[in-house]
There are 2 protein chains.
Amino acid sequence: MPVQLSSPAVADLLPIAGVRIGVAEAGIRKANRKDLTVFLLDEGSAVGAVFTRNRYAAAPVQVCREHLASGQGVRALVINTGNANAGTGESGLADARQTCNALARSLGLHHEQVLPFSTGVIMEPLPMDRLLGGLPAALTSACSAQHDSGAQWLAAAQGIMTTDTLPKAASVSFELEGRALRATGIAKGAGMIRPNMATMLGFLATDAAVAPELMNELARRLADASFNRVTVDGDTSTNDSFVVIATGQAGHPPVTDLSSPSGRALLDALTPLAQRLAHAIVRDGEGATKFITIRVEGGRDTAECLRAAYSVAHSPLVKTAFFASDPNLGRILAAVGYAGIDDLDVGGIDLWLGDVHVVTRGGRHPKYREEDGQRVMKPAEIEVRIGLGRGTASDTVWTCDFSHEYVTINADYRS
Amino acid sequence: MPVQLSSPAVADLLPIAGVRIGVAEAGIRKANRKDLTVFLLDEGSAVGAVFTRNRYAAAPVQVCREHLASGQGVRALVINTGNANAGTGESGLADARQTCNALARSLGLHHEQVLPFSTGVIMEPLPMDRLLGGLPAALTSACSAQHDSGAQWLAAAQGIMTTDTLPKAASVSFELEGRALRATGIAKGAGMIRPNMATMLGFLATDAAVAPELMNELARRLADASFNRVTVDGDTSTNDSFVVIATGQAGHPPVTDLSSPSGRALLDALTPLAQRLAHAIVRDGEGATKFITIRVEGGRDTAECLRAAYSVAHSPLVKTAFFASDPNLGRILAAVGYAGIDDLDVGGIDLWLGDVHVVTRGGRHPKYREEDGQRVMKPAEIEVRIGLGRGTASDTVWTCDFSHEYVTINADYRS
């Protein structure tokens, strides 16, 4: 059951000028479900992306990287759920390329102007007949649908789901160069999906104008503050992708520097949106009953803050203690202790659970009472704050707990 | 329920000349259970040890390190269960020292000749009155018991248990310099213990004669082949300790070089014993239903083999798949892919489950049939063999699966 997350309403989602979305039922793995989504981008759109660091990058990820590197302006995305096209070798690459070719032909584009994305079971060949057979319906949907509401965004959020229990989508409005702008994003991913493999996908579009050469950096900066700071079970999928689209339809002079006032304004507007989508993935994490913020402060650099935060976030003992609402200080401290910060003086460590100061200078706080710890562990949202006491750097990671349901979901036979 | 592990029989355990063991019921945490163990070592014994790398090393670990560094010959060990004396700051250090002082006084030793060990709940003060009150009974037990059988070793294996479901002990006989030698060891640890914190403790004694300056290296070499190659949940305890004792009572010329023929013979004899004890910890891992050997071959060095092996061994998705006896190739390959071997060419990877070749050159083996994978995943013992295809190094890690029972054990409220 997702943690304080509900399905987005169409009224809350803003269409983005320059983006048309079509969704179809191609029957890729199951009948009667939206499983094929296309994004059509008007000319002049700029696109950037970040992808999984898993060496087992899926075929569509490899093709995305090639097509983005080609420098052809991206004009279309095609996303299927039901099959990840991962671990499929040369024939998988050929399938991803053929998908792009087919869509490019229909739209009069070069194949490198199309980016492919897949999520679902791995090590099974993409059912190309059904995928290609579904493309005309997806295109018809994109071209005929009204794009004056967020309906197509919501349909796309549904069309990329796997074991997600809810679609994930959100919008923001902001101002840049005196104009009213907007951005809308969707995401999917619930840890690792049954029956096989995780995938975290995120697509975010804005009508802002951004110089194309900035887009990968923009995607990286946004991901580093959001999708790269969440973890459900520490397993990194073969297909993780996050795409940022700037259609430029707002008509202002393009942002050419992310450190300029307009660049910073853009980051300030889009970062909370990316975070909201990334948090939605954790809130809907497999078996999650708690949404946990782990903030590490007082590090020498952000790298060691992250090392400590992930060590806590990935500890099965910490995660089961959160599931039990058990303020188990020892497990958290031990996870900090084995995070690999070799010269860490544990005598400088502080720990807060919510507003309760539970550990000071590496030992139990003299005023800490177990019942205070239990009180702050009860709610569905918990903040853990760790002070390393050796510098001024800080960083934050978001995660969920580890429940019986996680084991049930992932130990079920594939069927 | 432990995986193919049964309680050792007294008849299988060999007493070691020069080692006297006493066990008492001190009531440290619970009444009517063996919880205080002393080892008395005859003069001339050589002792080496390795300890947790967790920065939150417990007080007894810190005191052990000091006492071993002092160069005073170790003549006694004192081990309590029920309380880990970890996260207890200065007063915990004082308690560990006081324990050594008390035992040293009774035995006419210098306090640095005593090593203390604790396991159990953390962040609670060691109940010194009960611990010190129990010492005379433990000493009486050591001095009055018959040491012509393995009975005291079995009692000690019981006396150091926490959530272990079975005591863990084993012996070997071997030959060195034409003499008949023996070694006996005990261990405890079942992942992380309820209600709080893991601890892996191992004590191994032989009547071999070894130069004292070799002992830490001997302990490290043995641990690297055994205790440092097992993982239940990836959490490293604050108290992990492994001690090797060579009493020298066999009377042969001491081993002065581990690379010499006698040094190698000693390693060859003790390594399987250390492995058997370490494997017993995994077999009795919290909630374990499978014992899994993960062997990685074809690496450039052992470091990258280990990185891949631990990545697979720690993946919650892989571990839940083992629980389900599901030959989920994708999860294993993905874990290899994110192990952090940056220039890994996944096109060179091979994977075997038992005797079934399931992946070749990074893709599903053409002859692999799912039913063969299911067949080899069914037994309680499974070997996973991964070929990285880029070198000649190899290494092995042992682990267990991840079951509902693990969550139940660790999500239970402390009580």
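Chain A exposes about 14,600 Å² of surface, and carbon and sulfur atoms supply 47% of that area. The values reported here derive from a predicted model. Within chain A, buried residues account for 64% of the 415 residues.

The secondary structure of chain A consists of 11 helices and 16 strands. Because the radius of gyration of chain A, 22 Å, is close to the 22 Å that the globule rule gives for 415 residues, the chain is as compact as a globular protein of that length. Along the principal axes, a box of roughly 70 × 55 × 40 Å is filled by the C-alpha atoms of chain A. Contacts in chain A were also examined by separation in sequence: of those between residues at least 6 apart, 80% join residues at least 24 apart.

With respect to charge, chain A carries 38 positive and 44 negative side chains. The centres of these two sets lie 2 Å apart.

Chain A is further in contact with chain B, an interface in which 56 residues of chain A meet 55 residues of chain B. Between them, the two chains bury about 4,600 Å², and 57% of this buried area lies on carbon and sulfur atoms. On the chain B side, the residues that lose the most area to chain A are B:Arg55, B:Tyr56 and B:Met123, which together contribute 17% of what that side buries.

Note on methods: Residues are numbered from 1 along each chain as its sequence is written. Chains are lettered from A and ligands numbered from 1 in the order in which they are written. Side-chain values use heavy atoms; hydrogens and water are left out. Helices (H or I, at least four residues) and strands (E, at least two) are DSSP runs, numbered from the N terminus. The radius of gyration is taken over C-alpha atoms; the globule rule is 2.2 Å times the number of residues to the power 0.38. Buried means under 20% relative accessible area, exposed over 50%, partly exposed in between (1.4 Å probe, protein chains only). Contact means heavy atoms within 4.5 Å. Accessible areas come from the Shrake-Rupley method with a 1.4 Å probe; for residues, only the protein chains shown count as cover. Lys and Arg count as positive and Asp and Glu as negative; His and the chain ends are not counted. The place of a charge is taken as NZ of Lys, CZ of Arg, CG of Asp or CD of Glu. Buried area is the accessible area (1.4 Å probe) that two parts lose on being put together, summed over both.
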